[in-house]
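Here is a quick walk through one protein model, written for someone meeting it for the first time. Have a look at the chain below, then read on.

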Amino acid sequence: MSDKDLLALNEDWTSDDWTRRETLERMAAGGMAALLGSSLLPGAARAAVPDDGVVRIGYLPITDATALLVAHGMDFFKDEGLEAEQPTLIRGWSPLIEGFAAKKFNLVHFLKPIPVWMRYNNNYPVKIMAWAHTNGSGLVVGKDTGITDFSQLGGKQVAVPYWYSMHNIVLQIALRSAGVKAVIKGQGEPLANDECNLQVMPPPDMPPALAAKKIDAYIVAEPFNAMGELKAGAKMLRFTGDIWKNHPCCVICMQEEDTKEKKEWTQKVMNAIVKAQIYASQNKKEVAHMLSRDGKKYLPMPADVVERAMTFYDDAAYASPDAIQHPEWGNGRVDFQPWPYPSATKMIIEAMNNTVVGGDTTFLSKLDPEFAVGDLVDYDFVKAALEKFPDWKKDPSVNPSDPYAREEIVAV
């Protein structure tokens, strides 16, 4: 990849938010309250944004935000009688968390482990309202690495987007299965042949870092895998949805007080989100163009990158390496269905206890997964919306004969 190409790849991403590594590390270590200070105090938080019923969305420019962006772009909020501001593009997980905690936003998408950490490590009253999507991520390797299997990630450098992410969880499930240990070591520290060194890296930095051989692989949400393939010569090692069938990644989150004090407003928001996911599930190519910089410019990537990220999932094309080992699962590259299966929440919390992360994880050992399943997630509003709009059952990730229950399937 030429220097000119690398520059073009990053031209839309020049922001201090992407360099806030110290902020991210402090928050991951459990310093959220200290970092945000008075913004976490209820009085200060309420004063941050007027309580005028306007939907204020914060999002990262990834396909995980599709439901929020389609609900806005297709006027589904307006159809519900709601006013919605233009969604605010945020360039990193830490500033999105900060903005939500300061109540600049009342509707966001978070990597699913983030609200677990926020609610139980930092005592912040966040509620998961729905899944934002299923699948939609993958692990790509550098074209010159020769890596064709997870066992070959021993002695390698791999980037993840956040410690508290599904990407980190699924990656470490695969590493353990291959006999490789996940470690977090500083630059220059030696690695054993069975150690894979993990580092947190903002998604836009990943394709250039891979092309420059600063890392050997990265695991992230789309469209940065597609961008890596098209712009940085990356090779898809494995789609995460081919390891954990139809796993959640990002979830739709709201302030708990809104769900208690503004029930009618909350239901209308969830109606719009469910309609958006049904539309996205049935019109992926059209939605990809709408989201791209060639459409309504919610994402700064061109249409060909976003379209690949949402639609290109071909078993023959991904035979070497064998990135799709379970074509019989019927997955898409990314799928959309909102129901937050309790079985997956329980499994994620259990898996977090076995996942290497930076910072203190004491809170996880004290967290009862069964309690969290009922306490973290609000099922009522999304279920009411799903009953109103039953076409969600047509998504390939849903079993129409038993749509509200499933068995979690993991096969590395």
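Helices (H or I, at least four residues) and strands (E, at least two) are DSSP runs, numbered from the N terminus. With that in hand, Lys-262 can be placed in the loop between α12 (256–261) and α13. This is a predicted model, in which local features need pLDDT of at least 70 and side-chain atom pairs count only at pLDDT 80 or more, while totals for chains, interfaces and linings use all residues. Residues are numbered from 1 along each chain as its sequence is written, and side-chain values use heavy atoms, with hydrogens and water left out.

Let's start with the overall picture. The protein chain has 19 helices and 13 strands. Of its 412 residues, 61% are buried, meaning under 20% relative accessible area (exposed is over 50%, partly exposed in between; 1.4 Å probe, protein chains only). Contact here means heavy atoms within 4.5 Å. Among contacts with a separation of 6 or more, 78% are between residues 24 or more positions apart.

Back to Lys-262. With a relative accessible area of 17%, Lys-262 counts as buried. Leaving aside neighbours within four places in sequence, Lys-262 touches Asp-51 and Glu-257, in the sense of contact. Its charged end also sits over the ring of Trp-265. That wording applies if NZ of Lys or CZ of Arg is within 6 Å of the ring centre and within 35 degrees of the ring normal. Lys-383 does likewise with Tyr-404, and here are both cases:

| Charged residue | Ring | Distance from ring centre |
|---|---|---|
| Lys-262 | Trp-265 | 4.4 Å |
| Lys-383 | Tyr-404 | 4.5 Å |

Next, rings meeting rings. A pair of aromatic rings is described by the distance of the centres and the angle of the planes. Rings of Phe, Tyr and Trp (its six-membered ring) pair if their centres lie within 6.5 Å; planes under 30 degrees apart count as stacked, over 60 as edge-to-face and the rest as tilted. How many aromatic pairs does the structure hold? There are 13 aromatic pairs. One of them joins Trp-117 and Tyr-164, stacked at 5.8 Å centre to centre with 15 degrees between the planes. This pair links distant parts of the chain, 47 residues apart: Trp-117 is in helix α8 (residues 113–121), and Tyr-164 is in the loop between β7 (157–160) and α9 (166–177). Trp-117 and Tyr-164 are both buried. Elsewhere, Phe-239, Phe-312, Tyr-313 and Tyr-318 make up one aromatic cluster.

Trp-117 turns up again where two helices meet. In α7, Trp-93, Ile-97 and Phe-100 meet Ile-114, Trp-117 and Met-118 of α8.

Now for a helix that is tucked away. Why is α11 (residues 224–231) described as largely enclosed by the rest of the structure? Because six of its eight residues are buried. Those buried residues are Phe-224, Asn-225, Ala-226, Met-227, Gly-228 and Glu-229. After α11 comes Gly-233, which has a positive phi, near 70 degrees.

Last stop: Met-270, in helix α13 (residues 263–282). Met-270 is buried, with a relative accessible area of 0%. In sequence, Met-270 and Ala-130 are 140 residues apart, yet in space they are 8.3 Å apart, C-alpha to C-alpha. Not counting neighbours within four places in sequence, Met-270 is in contact with Met-129, Ala-130, Met-254, Phe-381, Val-382 and Ala-385.
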